[in-house]
Amino acid sequence: MNTKITIAGTSYDAVCNLGSEQFYRHLTGRDFNLDLTRVERIARSEDVKERQEAASELLEITKKLAFIMIKQAGERDISRLLAGLTEADYIGWLCNFNPGDFTQETYTQIITCWKKTKETSVPAKN
C-alpha cells in the first residue's frame, strides 16, 4: 500500500506491505505484530505506570515502522534496502527530527496504514 506520512509538516512517500513486517524484524529482531498487540494490551491496564510505559513503547515501534515504510518507498532493490536498515541508519534518520515532530497524528497515520494492510483484499465467496 502506497501512502503519505506527514512528519513535522513534511509529507513523505511511504510503502506499507507484508515486507514491512520482515524489514521490522530485520531492524529490530522482533515481530511487529506481537509488539503492537502486547503494547495495545498493556495500554488497557489499570496501572497508570504500565499505560505510560506502553505509550512510550508504542512511540518507539511506530517510529521504527515509519523509518521502514519511508525507506521502502525510496528503495525498491531489496538487497540495498536491507543494507540500509541498520540501527545506525535509523538513528541517523531520527537525527533529522526534533522530539515534538512525531505527533499523535503521525502515529495515527502509521498505525492506520499498518492495520489496513491486515485487511483482506480478496472478496468473500458466497
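Me: Helices are DSSP runs of H or I with at least four residues, strands are DSSP runs of E with at least two, and both are numbered from the N terminus. Which helix gives the largest share of the lining of the largest pocket?

Reply: This is a predicted model, where local features need pLDDT of at least 70 and side-chain atom pairs count only at pLDDT 80 or more, while totals for chains, interfaces and linings use all residues. Residues are numbered from 1 along each chain as its sequence is written, and side-chain values use heavy atoms, with hydrogens and water left out. The helix is H6, with 4 residues of the lining. H2, H3 and H6 are the elements that give two or more residues to it.

Me: What makes a residue part of the lining of the largest pocket?

Reply: A pocket is an open set of points on a 1 Å grid over the protein atoms alone, where a 1.4 Å probe fits, with protein on both sides within 12 Å along at least five of seven lines; a lining residue has an atom within 4 Å of a point. Residues that line the largest pocket include Leu36, Leu58, Tyr107 and Ile111. Its volume, the space filled by probe spheres set on the points, is about 170 Å³.

Me: Why is Ser20 called buried?

Reply: Buried means under 20% relative accessible area, exposed over 50%, and partly exposed in between (1.4 Å probe, protein chains only). Ser20 has 0%, so it is buried. This residue lies in helix H1 (residues 18-28). Leaving out residues up to four places away in sequence, Ser20 touches Val15, Leu65, Ile68, Gln72 and Trp114, where contact means heavy atoms within 4.5 Å.

Me: Why does Glu87 count as partly exposed?

Reply: Its relative accessibility is 42%, so Glu87 falls in the middle class. Glu87 belongs to helix H5. Its C-alpha atom is 8.2 Å from that of Thr28, although 59 residues separate the two along the chain.

Me: And where is Ala8 found?

Reply: Ala8 is in the loop between S1 and S2. At 46% relative accessible area, this residue is partly exposed too. Ala8 is not a glycine, yet has a positive phi of about 55°.

Me: How do you know that S1 and S2 pair?

Reply: Two strands pair if DSSP finds at least two bridges between them. Strand S1 (residues 2-7) and strand S2 (residues 10-15) have 6 bridges, in the antiparallel sense, so they pair by that rule. In one of these bridges, Ile5 has Tyr12 in S2 as its partner.

Me: What makes the pair of Phe97 and Phe102 edge-to-face?

Reply: Rings of Phe, Tyr and Trp (its six-membered ring) pair if their centres lie within 6.5 Å; planes under 30 degrees apart count as stacked, over 60 as edge-to-face and the rest as tilted. For Phe97 and Phe102 the centres are 5.3 Å apart and the planes are at 75°, so the pair is edge-to-face. Both residues are buried. The rings of Trp93 and Phe102 are also edge-to-face, at 6.0 Å and 70°.

Me: What makes a set of residues a nonpolar core?

Reply: Its members are buried Ala, Val, Leu, Ile, Met, Phe, Trp, Tyr and Cys residues joined through side-chain atoms within 4.5 Å. The largest such core here has 29 residues, and those with the most contacts inside it include Ile5, Phe32 and Trp93. H3 supplies the largest share of this core, 8 residues.
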